[in-house]
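Trainee: I should like to work through this model step by step, with the reasoning set out for each answer. May we begin?

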Amino acid sequence: MPAREAEQAAVVQAWGASYTGLGSALVDGGNPFTPVAKSISSDGTVREGPVGTPASGYTIIKADSLDAAVEMAKGCPVLQGGSQVSVYETFNVM
């Protein structure tokens with residue numbers, strides 16, 4: 001988040017516009033993550049930090065395909081700041 005109030009307002013406005021643009025496809029607006037994470041190995045070993053590149057947050061959207069979700073994710077405001085977005089497909093197991 002930028003330090004100056006006007007820049008913070010612009011970020012908040014960009015997120016609001018992004019969510020409005022997603023409309024009913026927005027399932028969960030998500031939350032940002034702190035940089036604090038721990039990883040658990042299959043043998044139960046716990047270490048400080050994430051597995052791979054740290055994620056900064058999440059949003060859940062509903063789409064007809066992974067490609068459709070990717071198109072929607074192209075409007076994510078974090079991309080304006082030079083960050084990247086990973087889009088994952090989920091499936092029901094229960």
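Mentor: We may, and we start with a serine whose side chain reaches the backbone oxygen of G49 at 2.5 Å: this is S39. Please keep in mind that the model is predicted.

Trainee: In which element is S39 found, and is S39 buried or exposed?

Mentor: S39 is found in strand β2. Its relative accessible area is 7%. Since buried means under 20%, S39 is buried.

Trainee: Which residues is S39 in contact with, leaving aside its neighbours within four places in sequence?

Mentor: The side chain of S39 reaches the backbone oxygen of G49, and G49 is also one of its contacts. The full list, with sequence neighbours within four places left aside, is T45, V46, R47, G49, P50 and V51.

Trainee: T45 is in that list. With which residue's side chain does the side chain of T45 make a polar contact at 2.7 Å?

Mentor: The partner has its place in the loop between β2 and β3. It is exposed, with a relative accessible area of 61%. The side chain that makes the polar contact with T45 is that of D43.

Trainee: How far apart in space are D43 and A63, C-alpha to C-alpha?

Mentor: In sequence, D43 and A63 are 20 residues apart. In space, the C-alpha to C-alpha separation of D43 and A63 is 36 Å.

Trainee: Let us turn to the aromatic rings. How many aromatic pairs are there?

Mentor: One pair is formed by W15 and Y19. Another is formed by F33 and Y58. The count comes to two.

Trainee: Is the pair of W15 and Y19 stacked, edge-to-face or tilted?

Mentor: The ring centres of W15 and Y19 are 5.7 Å apart, and the angle between the planes is 55°. Planes under 30 degrees apart count as stacked and those over 60 as edge-to-face. The pair of W15 and Y19 is therefore tilted.

Trainee: Why are W15 and Y19 separated by about one helical turn, and how accessible is each?

Mentor: W15 and Y19 are four residues apart in helix α1, so about one helical turn separates them. W15 is partly exposed, and Y19 is partly exposed. The relative accessible area of W15 is 25%, and that of Y19 is 25%.

Trainee: What is the geometry of the pair formed by F33 and Y58, and which parts does the pair tie together?

Mentor: The rings of F33 and Y58 are stacked, at 6.0 Å centre to centre and 25° between the planes. F33 is partly exposed at 43% relative accessible area, and Y58 is partly exposed at 32%. Because F33 and Y58 lie in two separate loops, the pair ties together parts that are 25 residues apart in sequence: the loop between β1 and β2, and the loop between β3 and β4.

Trainee: Where else does Y58 appear, and how much space lies in the largest pocket?

Mentor: Y58 is among the residues that lie nearest the centre of the largest pocket, together with G57, T59, V85 and S86. This pocket is lined by 43 residues. The space in the largest pocket is about 1600 Å³.

Trainee: Which element gives the most to the lining of the largest pocket, and how is the lining made up by class?

Mentor: By class, the lining has 25 nonpolar, 15 polar and three charged residues. The elements that give two or more residues to the lining are α1, β4 and α2. With seven residues, the element that gives the most is α1.

Trainee: S18 is also found in helix α1. Which residue's backbone oxygen does its side chain reach?

Mentor: S18 counts as buried, at 14% relative accessibility. Not counting residues up to four places away in sequence, S18 touches G75, C76 and P77. The backbone oxygen that the side chain of S18 reaches, at 3.5 Å, belongs to G75.

Trainee: Finally, which residues is V87 in contact with, leaving aside neighbours within four places in sequence?

Mentor: V87 lies in the segment after α2 and counts as partly exposed at 29% relative accessibility. V87 and I60 are 27 residues apart in sequence and 9.6 Å apart in space, C-alpha to C-alpha. The contacts of V87 are L66, A69, V70 and A73.

How values were computed: Residues numbered from 1 in each chain as written. Predicted model: local features only at pLDDT ≥ 70, side-chain atom pairs only at ≥ 80, totals over all residues. Heavy atoms only, no water. 1 Å grid on protein atoms, 1.4 Å probe; cavity = no way out; pocket = protein on both sides within 12 Å on 5 of 7 lines; lining within 4 Å. Points joined across faces, edges and corners; volume = space filled by probe spheres on them. Nonpolar A, V, L, I, M, F, W, Y, C, P; charged D, E, K, R; others polar. Phe/Tyr/Trp six-rings, centres within 6.5 Å; stacked < 30°, edge-to-face > 60°. Buried < 20%, exposed > 50% of the residue type's maximum accessible area, 1.4 Å probe, protein only. Polar contact = N/O pair within 3.5 Å; in protein donor to acceptor, adjacent residues only side chain to side chain. Contact = heavy atoms within 4.5 Å.
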